[in-house]
Amino acid sequence: MNRTLYTLLFHLGLPLVALRLFLRSRKAPAYGQRIAERFALKLPAMARGGIWVHAVSVGESIAAAPMIRALLQAYPQLPITITCMTPTGSERVRAMFADQPRIQHCYLPYDLPWAAARFLDHVQPTLAVIMETELWPNHIHQCAKRGIPVALANARLSERSARGYARFAGLTRPMLAEMSLIAAQTETEAQRFRQLGARPECVQVTGSIKFDLSIDEQLLPRARALREQWQAGQRPVWIAASTHEGEDQVILAAHRQLREHHADALLILVPRHPERFNSVFELCRQQFSTVRRSSGEPVSTDSAVLLGDTMGELLFLYALADIAFVGGSLVPNGGHNLLEPAALALPVLSGPHLFNFLEIAAMLRGAGALLEVDDSQGLATEVRRLIELPRDAQRIGAAGLAVMKANQGALQRLLGGLGRLL
(Lines give C-alpha, C1' and ligand atoms only; values in the text may rest on other atoms or scores of the structure.)
Protein backbone atom coordinates (compact mmCIF):
# COMPACT_ATOMS: atom_id res chain seq x y z
CA MET A 1 0.00 0.00 0.00
CA ASN A 2 1.26 3.47 -0.88
CA ARG A 3 0.02 6.85 0.36
CA THR A 4 -2.31 7.34 -2.65
CA LEU A 5 -4.12 4.07 -1.98
CA TYR A 6 -4.18 4.77 1.76
CA THR A 7 -5.78 8.17 1.12
CA LEU A 8 -8.38 6.66 -1.21
CA LEU A 9 -9.28 4.01 1.38
CA PHE A 10 -9.48 6.67 4.08
CA HIS A 11 -11.99 8.65 2.01
CA LEU A 12 -14.02 5.52 1.32
CA GLY A 13 -14.01 4.75 5.05
CA LEU A 14 -15.39 8.14 6.11
CA PRO A 15 -18.94 6.74 6.59
CA LEU A 16 -17.47 4.23 9.05
CA VAL A 17 -15.59 7.06 10.79
CA ALA A 18 -18.88 8.97 11.12
CA LEU A 19 -20.63 5.86 12.46
CA ARG A 20 -17.87 5.33 15.02
CA LEU A 21 -18.16 8.93 16.20
CA PHE A 22 -21.93 8.52 16.51
CA LEU A 23 -21.64 5.28 18.51
CA ARG A 24 -19.01 6.74 20.82
CA SER A 25 -21.07 9.89 21.33
CA ARG A 26 -23.91 7.77 22.73
CA LYS A 27 -21.66 6.81 25.65
CA ALA A 28 -19.58 10.00 25.72
CA PRO A 29 -21.56 12.95 24.27
CA ALA A 30 -18.38 15.01 23.81
CA TYR A 31 -17.53 12.84 20.78
CA GLY A 32 -20.50 14.42 19.01
CA GLN A 33 -19.14 17.95 19.52
CA ARG A 34 -16.55 19.99 17.59
CA ILE A 35 -16.77 17.56 14.65
CA ALA A 36 -15.90 20.35 12.19
CA GLU A 37 -12.42 20.59 13.77
CA ARG A 38 -11.78 16.99 12.76
CA PHE A 39 -12.03 18.11 9.13
CA ALA A 40 -10.05 21.36 9.68
CA LEU A 41 -13.26 23.39 9.49
CA LYS A 42 -14.22 26.08 12.01
CA LEU A 43 -10.80 25.94 13.62
CA PRO A 44 -10.36 28.44 16.47
CA ALA A 45 -8.45 31.63 15.77
CA MET A 46 -4.75 30.99 16.36
CA ALA A 47 -1.46 32.87 16.34
CA ARG A 48 0.66 31.56 13.49
CA GLY A 49 4.16 30.19 13.72
CA GLY A 50 5.57 28.50 16.77
CA ILE A 51 5.51 24.84 17.71
CA TRP A 52 2.78 22.30 17.07
CA VAL A 53 2.62 19.40 19.56
CA HIS A 54 0.33 16.41 18.95
CA ALA A 55 -0.60 14.17 21.90
CA VAL A 56 -3.33 11.69 20.98
CA SER A 57 -5.08 11.40 24.36
CA VAL A 58 -4.75 11.79 28.14
CA GLY A 59 -1.62 9.69 28.70
CA GLU A 60 0.36 11.38 25.95
CA SER A 61 -0.84 14.83 27.06
CA ILE A 62 0.40 14.23 30.59
CA ALA A 63 3.71 12.85 29.28
CA ALA A 64 4.10 15.89 27.02
CA ALA A 65 3.38 18.44 29.76
CA PRO A 66 6.97 18.79 31.12
CA MET A 67 8.30 19.15 27.55
CA ILE A 68 5.67 21.79 26.71
CA ARG A 69 6.42 23.78 29.87
CA ALA A 70 10.13 23.65 29.08
CA LEU A 71 9.46 24.85 25.51
CA LEU A 72 7.32 27.72 26.84
CA GLN A 73 10.24 28.81 29.01
CA ALA A 74 12.94 28.30 26.38
CA TYR A 75 11.07 30.05 23.55
CA PRO A 76 9.01 32.83 25.17
CA GLN A 77 8.26 34.42 21.79
CA LEU A 78 6.61 31.32 20.26
CA PRO A 79 2.98 30.14 20.56
CA ILE A 80 2.47 26.42 21.10
CA THR A 81 -0.46 24.64 19.45
CA ILE A 82 -1.49 21.37 21.12
CA THR A 83 -3.72 18.90 19.27
CA CYS A 84 -5.27 15.65 20.42
CA MET A 85 -7.87 13.15 19.18
CA THR A 86 -10.13 12.50 22.18
CA PRO A 87 -12.43 14.62 24.37
CA THR A 88 -10.65 13.42 27.51
CA GLY A 89 -7.31 14.47 26.03
CA SER A 90 -8.80 17.85 25.10
CA GLU A 91 -10.14 18.35 28.62
CA ARG A 92 -6.76 17.45 30.12
CA VAL A 93 -4.89 19.88 27.84
CA ARG A 94 -7.22 22.72 28.74
CA ALA A 95 -6.97 21.96 32.46
CA MET A 96 -3.16 21.71 32.48
CA PHE A 97 -2.55 24.92 30.53
CA ALA A 98 -5.52 27.10 31.48
CA ASP A 99 -3.12 29.75 32.79
CA GLN A 100 -0.91 29.83 29.68
CA PRO A 101 -2.08 32.39 27.09
CA ARG A 102 0.46 31.14 24.53
CA ILE A 103 -1.10 27.66 24.45
CA GLN A 104 -3.57 27.07 21.59
CA HIS A 105 -5.65 23.94 21.26
CA CYS A 106 -7.91 22.06 18.84
CA TYR A 107 -8.53 18.51 17.64
CA LEU A 108 -6.11 17.17 15.04
CA PRO A 109 -7.98 16.88 11.73
CA TYR A 110 -8.28 13.44 10.17
CA ASP A 111 -5.35 12.28 8.06
CA LEU A 112 -6.75 13.48 4.73
CA PRO A 113 -4.43 15.56 2.50
CA TRP A 114 -6.82 18.50 2.17
CA ALA A 115 -7.64 18.53 5.90
CA ALA A 116 -3.96 18.30 6.88
CA ALA A 117 -3.10 21.09 4.41
CA ARG A 118 -5.88 23.34 5.70
CA PHE A 119 -4.74 22.78 9.31
CA LEU A 120 -1.08 23.52 8.56
CA ASP A 121 -1.96 26.62 6.53
CA HIS A 122 -4.04 27.81 9.50
CA VAL A 123 -1.34 27.20 12.14
CA GLN A 124 1.86 27.55 10.03
CA PRO A 125 4.15 25.94 12.63
CA THR A 126 7.92 26.12 12.41
CA LEU A 127 8.24 22.70 14.10
CA ALA A 128 5.93 19.73 14.56
CA VAL A 129 6.39 17.44 17.57
CA ILE A 130 4.43 14.19 17.72
CA MET A 131 4.28 12.25 20.97
CA GLU A 132 5.21 8.54 21.10
CA THR A 133 3.69 6.64 18.13
CA GLU A 134 0.89 8.71 16.62
CA LEU A 135 2.15 8.79 13.02
CA TRP A 136 -0.11 10.01 10.20
CA PRO A 137 1.34 9.77 6.64
CA ASN A 138 -0.57 12.69 5.10
CA HIS A 139 0.10 15.09 7.97
CA ILE A 140 3.80 14.24 7.87
CA HIS A 141 3.94 14.55 4.06
CA GLN A 142 2.17 17.92 4.14
CA CYS A 143 4.74 19.10 6.69
CA ALA A 144 7.58 17.89 4.45
CA LYS A 145 6.09 19.77 1.47
CA ARG A 146 6.15 22.99 3.51
CA GLY A 147 9.64 22.43 4.91
CA ILE A 148 8.31 21.96 8.46
CA PRO A 149 10.59 19.59 10.42
CA VAL A 150 8.74 16.78 12.20
CA ALA A 151 10.04 15.22 15.41
CA LEU A 152 8.73 12.06 17.07
CA ALA A 153 9.25 12.63 20.81
CA ASN A 154 9.46 9.88 23.43
CA ALA A 155 9.18 7.48 20.51
CA ARG A 156 8.26 3.90 21.21
CA LEU A 157 7.69 1.03 18.80
CA SER A 158 6.87 -2.45 20.03
CA GLU A 159 7.93 -5.53 18.10
CA ARG A 160 4.29 -6.16 17.20
CA SER A 161 3.82 -2.60 15.90
CA ALA A 162 7.06 -2.84 13.93
CA ARG A 163 5.78 -5.97 12.18
CA GLY A 164 2.60 -4.08 11.31
CA TYR A 165 4.59 -1.17 9.87
CA ALA A 166 6.72 -3.59 7.84
CA ARG A 167 3.62 -5.11 6.23
CA PHE A 168 2.79 -1.66 4.80
CA ALA A 169 6.35 -0.65 3.89
CA GLY A 170 5.18 1.20 0.77
CA LEU A 171 3.32 3.59 3.07
CA THR A 172 5.46 3.67 6.21
CA ARG A 173 9.00 3.73 4.74
CA PRO A 174 8.56 7.05 2.87
CA MET A 175 6.75 8.51 5.89
CA LEU A 176 9.59 7.67 8.30
CA ALA A 177 12.16 8.95 5.79
CA GLU A 178 10.43 12.36 5.85
CA MET A 179 10.91 12.76 9.60
CA SER A 180 13.65 15.03 10.92
CA LEU A 181 14.09 13.55 14.41
CA ILE A 182 13.03 10.31 16.05
CA ALA A 183 13.87 10.55 19.76
CA ALA A 184 13.54 6.90 20.76
CA GLN A 185 13.13 5.66 24.30
CA THR A 186 15.53 2.71 23.87
CA GLU A 187 18.21 1.48 21.45
CA THR A 188 16.00 -1.50 20.59
CA GLU A 189 13.22 0.80 19.43
CA ALA A 190 15.69 3.09 17.64
CA GLN A 191 16.94 0.13 15.64
CA ARG A 192 13.39 -0.83 14.68
CA PHE A 193 12.79 2.66 13.31
CA ARG A 194 16.04 2.51 11.30
CA GLN A 195 15.14 -0.89 9.85
CA LEU A 196 11.73 0.43 8.81
CA GLY A 197 13.17 3.32 6.80
CA ALA A 198 14.00 6.20 9.14
CA ARG A 199 17.22 8.00 8.20
CA PRO A 200 19.90 6.77 10.65
CA GLU A 201 21.23 10.29 11.27
CA CYS A 202 17.74 11.38 12.39
CA VAL A 203 17.31 8.63 15.00
CA GLN A 204 18.72 9.15 18.47
CA VAL A 205 18.16 7.46 21.81
CA THR A 206 17.02 9.97 24.42
CA GLY A 207 15.25 7.68 26.92
CA SER A 208 11.72 8.11 28.20
CA ILE A 209 10.66 11.57 29.37
CA LYS A 210 8.18 9.79 31.65
CA PHE A 211 11.15 9.29 34.02
CA ASP A 212 11.38 13.09 34.30
CA LEU A 213 8.05 13.36 36.07
CA SER A 214 8.20 16.09 38.71
CA ILE A 215 6.12 15.81 41.87
CA ASP A 216 4.60 18.91 43.43
CA GLU A 217 6.11 19.20 46.91
CA GLN A 218 2.62 19.88 48.34
CA LEU A 219 1.13 16.69 46.87
CA LEU A 220 2.01 14.26 49.66
CA PRO A 221 1.19 16.68 52.52
CA ARG A 222 -2.21 17.35 50.90
CA ALA A 223 -2.84 13.61 50.60
CA ARG A 224 -1.86 12.94 54.22
CA ALA A 225 -4.15 15.73 55.40
CA LEU A 226 -7.10 14.33 53.46
CA ARG A 227 -6.53 10.83 54.84
CA GLU A 228 -6.51 12.25 58.35
CA GLN A 229 -9.73 14.07 57.54
CA TRP A 230 -11.20 10.72 56.50
CA GLN A 231 -9.86 9.16 59.72
CA ALA A 232 -8.00 6.79 57.41
CA GLY A 233 -4.45 7.49 58.52
CA GLN A 234 -4.07 3.92 59.80
CA ARG A 235 -6.38 2.20 57.30
CA PRO A 236 -4.75 0.14 54.52
CA VAL A 237 -5.48 2.02 51.29
CA TRP A 238 -4.73 0.63 47.83
CA ILE A 239 -5.47 2.02 44.38
CA ALA A 240 -6.34 0.32 41.10
CA ALA A 241 -5.78 2.99 38.45
CA SER A 242 -6.52 3.31 34.72
CA THR A 243 -8.70 0.21 34.66
CA HIS A 244 -10.38 -1.08 31.51
CA GLU A 245 -13.55 -3.06 30.93
CA GLY A 246 -13.08 -6.59 32.25
CA GLU A 247 -10.67 -5.55 35.01
CA ASP A 248 -13.02 -3.90 37.51
CA GLN A 249 -14.76 -7.17 38.38
CA VAL A 250 -11.37 -8.82 39.03
CA ILE A 251 -10.24 -5.93 41.22
CA LEU A 252 -13.47 -5.86 43.22
CA ALA A 253 -13.21 -9.64 43.74
CA ALA A 254 -9.66 -9.13 45.03
CA HIS A 255 -10.89 -6.37 47.36
CA ARG A 256 -13.58 -8.68 48.71
CA GLN A 257 -10.95 -11.34 49.47
CA LEU A 258 -8.65 -8.73 51.03
CA ARG A 259 -11.37 -7.45 53.36
CA GLU A 260 -11.82 -10.98 54.77
CA HIS A 261 -8.44 -10.39 56.44
CA HIS A 262 -8.38 -6.58 56.63
CA ALA A 263 -11.98 -5.48 57.11
CA ASP A 264 -11.07 -1.78 57.08
CA ALA A 265 -9.19 -1.87 53.73
CA LEU A 266 -10.14 0.96 51.37
CA LEU A 267 -9.91 0.64 47.57
CA ILE A 268 -9.55 3.66 45.28
CA LEU A 269 -10.80 2.50 41.87
CA VAL A 270 -10.05 4.77 38.89
CA PRO A 271 -11.48 3.77 35.48
CA ARG A 272 -9.39 4.91 32.53
CA HIS A 273 -12.27 6.38 30.49
CA PRO A 274 -14.92 8.82 31.79
CA GLU A 275 -17.72 7.16 29.83
CA ARG A 276 -17.32 4.14 32.16
CA PHE A 277 -17.61 6.10 35.42
CA ASN A 278 -21.34 5.50 35.88
CA SER A 279 -21.30 1.79 35.00
CA VAL A 280 -18.30 1.12 37.26
CA PHE A 281 -19.99 3.04 40.08
CA GLU A 282 -23.04 0.77 39.77
CA LEU A 283 -20.76 -2.27 39.81
CA CYS A 284 -19.05 -1.04 42.98
CA ARG A 285 -22.28 -0.02 44.71
CA GLN A 286 -23.75 -3.49 44.24
CA GLN A 287 -20.95 -4.96 46.36
CA PHE A 288 -19.53 -2.26 48.63
CA SER A 289 -20.32 1.02 50.31
CA THR A 290 -18.96 3.36 47.63
CA VAL A 291 -18.24 7.10 47.49
CA ARG A 292 -17.77 9.01 44.23
CA ARG A 293 -14.84 11.42 44.32
CA SER A 294 -16.80 13.85 42.13
CA SER A 295 -19.59 14.07 44.72
CA GLY A 296 -17.35 15.85 47.22
CA GLU A 297 -18.63 13.56 49.97
CA PRO A 298 -15.95 12.52 52.50
CA VAL A 299 -14.86 8.92 52.84
CA SER A 300 -16.24 7.55 56.10
CA THR A 301 -15.10 4.63 58.22
CA ASP A 302 -17.89 2.59 56.58
CA SER A 303 -16.74 3.36 53.02
CA ALA A 304 -15.04 0.43 51.28
CA VAL A 305 -14.47 1.94 47.83
CA LEU A 306 -13.71 5.43 46.56
CA LEU A 307 -14.47 5.77 42.84
CA GLY A 308 -12.00 8.15 41.23
CA ASP A 309 -14.36 9.71 38.69
CA THR A 310 -12.59 13.06 38.26
CA MET A 311 -10.11 14.17 35.61
CA GLY A 312 -6.58 15.37 36.26
CA GLU A 313 -6.28 13.97 39.78
CA LEU A 314 -4.58 10.65 39.19
CA LEU A 315 -1.28 11.59 40.82
CA PHE A 316 -3.13 12.91 43.86
CA LEU A 317 -5.19 9.71 44.09
CA TYR A 318 -1.96 7.69 43.90
CA ALA A 319 -0.58 9.84 46.73
CA LEU A 320 -3.57 8.86 48.89
CA ALA A 321 -2.68 5.17 48.61
CA ASP A 322 -0.12 2.83 50.16
CA ILE A 323 -0.06 0.31 47.29
CA ALA A 324 -0.74 0.80 43.56
CA PHE A 325 -2.07 -1.51 40.88
CA VAL A 326 -1.80 -0.14 37.32
CA GLY A 327 -4.57 -1.24 34.98
CA GLY A 328 -4.83 -2.01 31.29
CA SER A 329 -2.67 -5.00 32.15
CA LEU A 330 -5.06 -7.74 33.31
CA VAL A 331 -6.66 -7.49 29.86
CA PRO A 332 -4.53 -7.41 26.67
CA ASN A 333 -4.46 -3.62 26.41
CA GLY A 334 -0.71 -3.23 26.93
CA GLY A 335 -0.70 -1.51 30.31
CA HIS A 336 -0.36 2.12 31.40
CA ASN A 337 2.29 4.32 32.99
CA LEU A 338 4.01 2.38 35.78
CA LEU A 339 6.26 5.30 36.65
CA GLU A 340 3.67 7.60 38.22
CA PRO A 341 3.22 5.42 41.33
CA ALA A 342 6.94 4.59 41.30
CA ALA A 343 7.72 8.32 41.49
CA LEU A 344 5.76 8.39 44.76
CA ALA A 345 7.75 5.42 46.12
CA LEU A 346 4.68 3.15 46.10
CA PRO A 347 5.03 -0.60 45.57
CA VAL A 348 3.68 -1.20 42.06
CA LEU A 349 1.58 -4.14 40.86
CA SER A 350 0.31 -4.95 37.38
CA GLY A 351 -1.17 -7.71 35.29
CA PRO A 352 0.87 -9.65 32.71
CA HIS A 353 -0.06 -7.57 29.61
CA LEU A 354 2.60 -4.85 29.49
CA PHE A 355 3.58 -4.83 25.82
CA ASN A 356 3.29 -1.02 25.62
CA PHE A 357 5.87 -0.64 28.41
CA LEU A 358 8.20 -3.61 27.95
CA GLU A 359 11.47 -1.76 28.61
CA ILE A 360 10.17 0.21 31.61
CA ALA A 361 8.55 -2.93 33.03
CA ALA A 362 11.83 -4.83 32.57
CA MET A 363 13.75 -2.10 34.43
CA LEU A 364 11.32 -2.11 37.34
CA ARG A 365 11.15 -5.90 37.40
CA GLY A 366 14.93 -6.19 37.36
CA ALA A 367 15.15 -3.82 40.31
CA GLY A 368 12.55 -5.78 42.27
CA ALA A 369 10.15 -2.85 41.97
CA LEU A 370 7.27 -4.50 40.06
CA LEU A 371 4.98 -7.33 41.13
CA GLU A 372 2.90 -9.04 38.43
CA VAL A 373 -0.33 -10.93 39.06
CA ASP A 374 -2.70 -12.90 36.84
CA ASP A 375 -6.05 -12.91 38.62
CA SER A 376 -8.05 -11.70 41.60
CA GLN A 377 -6.58 -14.25 43.99
CA GLY A 378 -3.02 -13.32 43.04
CA LEU A 379 -3.84 -9.62 43.37
CA ALA A 380 -5.47 -10.06 46.78
CA THR A 381 -2.54 -12.16 47.99
CA GLU A 382 0.07 -9.60 46.96
CA VAL A 383 -1.83 -6.61 48.35
CA ARG A 384 -2.38 -8.47 51.64
CA ARG A 385 1.33 -9.38 51.84
CA LEU A 386 2.36 -5.76 51.29
CA ILE A 387 -0.06 -4.59 53.99
CA GLU A 388 1.22 -7.15 56.47
CA LEU A 389 4.91 -6.70 55.59
CA PRO A 390 5.35 -2.91 55.46
CA ARG A 391 9.15 -3.20 55.27
CA ASP A 392 8.80 -5.20 52.05
CA ALA A 393 6.40 -2.59 50.69
CA GLN A 394 8.84 0.18 51.61
CA ARG A 395 11.77 -1.65 49.99
CA ILE A 396 9.85 -2.24 46.74
CA GLY A 397 8.70 1.37 46.62
CA ALA A 398 12.21 2.66 47.23
CA ALA A 399 13.53 0.44 44.42
CA GLY A 400 11.00 1.94 41.99
CA LEU A 401 11.93 5.48 42.98
CA ALA A 402 15.62 4.62 42.46
CA VAL A 403 14.87 3.40 38.92
CA MET A 404 13.08 6.69 38.25
CA LYS A 405 16.01 8.80 39.44
CA ALA A 406 18.63 6.70 37.64
CA ASN A 407 16.95 7.19 34.27
CA GLN A 408 16.15 10.89 34.39
CA GLY A 409 17.62 13.30 31.85
CA ALA A 410 15.63 12.28 28.76
CA LEU A 411 13.78 15.59 28.71
CA GLN A 412 16.98 17.62 28.41
CA ARG A 413 18.29 15.35 25.63
CA LEU A 414 14.96 15.70 23.79
CA LEU A 415 14.95 19.49 24.18
CA GLY A 416 18.48 19.58 22.74
CA GLY A 417 17.30 17.73 19.64
CA LEU A 418 14.27 19.97 19.21
CA GLY A 419 16.45 23.06 19.69
CA ARG A 420 18.65 22.02 16.77
CA LEU A 421 15.56 21.74 14.54
CA LEU A 422 14.33 25.17 15.63
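Which backbone oxygen does the side chain of Asn138 reach at 3.0 Å? In this predicted model, the side chain of Asn138 reaches the backbone oxygen of Asp111 at that distance of 3.0 Å. This briefing looks at Asn138 together with Thr7, then at Glu60, which UniProt marks as "active site" in an unreviewed entry, and finally at the second largest pocket, with a volume of about 600 Å³.

**Asn138 and its surroundings**

- Asn138 is found in helix 6, which covers residues 137-145, and its relative accessible area is 1%, so Asn138 counts as buried.
- Apart from residues up to four places away in sequence, Asn138 touches Arg3, Tyr6 and Thr7, and also Asp111, Leu112, Pro113 and Ala116.
- Besides reaching the backbone oxygen of Asp111, the side chain of Asn138 makes a polar contact of 3.0 Å with the side chain of Thr7.

**Thr7, the partner in helix 1**

- Thr7 is placed in helix 1 (residues 3-12), so the polar contact of 3.0 Å between the side chains of Thr7 and Asn138 joins a residue of helix 1 to a residue of helix 6, and Thr7 is itself buried because its relative accessibility of 11% is under 20%.
- A polar atom of the Thr7 side chain also lies 2.8 Å from the backbone oxygen of Arg3.
- When neighbours within four places in sequence are left aside, Thr7 is in contact with Pro113 and Asn138, and Pro113 is also among the residues that Asn138 touches.

**Glu60, the annotated position**

- The "active site" feature that UniProt places at Glu60 comes from an unreviewed entry, and in the model Glu60 is in helix 3, residues 58-74.
- Glu60 has a relative accessibility of 15%, and because this is under 20%, Glu60 counts as buried.
- Beyond its neighbours within four places in sequence, Glu60 is in contact with Ala55, Met131, Glu132 and Arg156.

**The second largest pocket**

- The second largest pocket, of about 600 Å³, is lined by 27 residues, of which Arg227, Ala321, Asp322, Ile323 and Leu346 are the closest to its centre.
- At least two residues of this lining come from each of helix 10 (219-229), helix 13 (314-319), helix 16 (376-388) and helix 17 (390-406), and the largest share, six residues, is supplied by helix 17.
- Sorted by class, the lining of the second largest pocket holds 18 nonpolar residues, four polar residues and five charged residues.

Note on methods
Residues are numbered from 1 along each chain as its sequence is written. This is a predicted model: local features need pLDDT of at least 70, side-chain atom pairs count only at pLDDT 80 or more; totals for chains, interfaces and linings use all residues. Side-chain values use heavy atoms; hydrogens and water are left out. UniProt positions are given in the numbering used here, feature names are shortened, and annotations may be inferred rather than shown by experiment. Helices (H or I, at least four residues) and strands (E, at least two) are DSSP runs, numbered from the N terminus. Buried means under 20% relative accessible area, exposed over 50%, partly exposed in between (1.4 Å probe, protein chains only). Contact means heavy atoms within 4.5 Å. A polar contact is a pair of N or O atoms within 3.5 Å; within protein, one must be able to donate a hydrogen and the other to accept it, and residues adjacent in sequence count only if both atoms are side-chain atoms. On a 1 Å grid over the protein atoms alone, a cavity is a set of points where a 1.4 Å probe fits but cannot get out, and a pocket is an open set with protein on both sides within 12 Å along at least five of seven lines; lining residues have an atom within 4 Å of a point. Grid points are joined across faces, edges and corners, and a volume is the space filled by probe spheres set on the points. Ala, Val, Leu, Ile, Met, Phe, Trp, Tyr, Cys and Pro count as nonpolar, Asp, Glu, Lys and Arg as charged, and the others, Gly among them, as polar.
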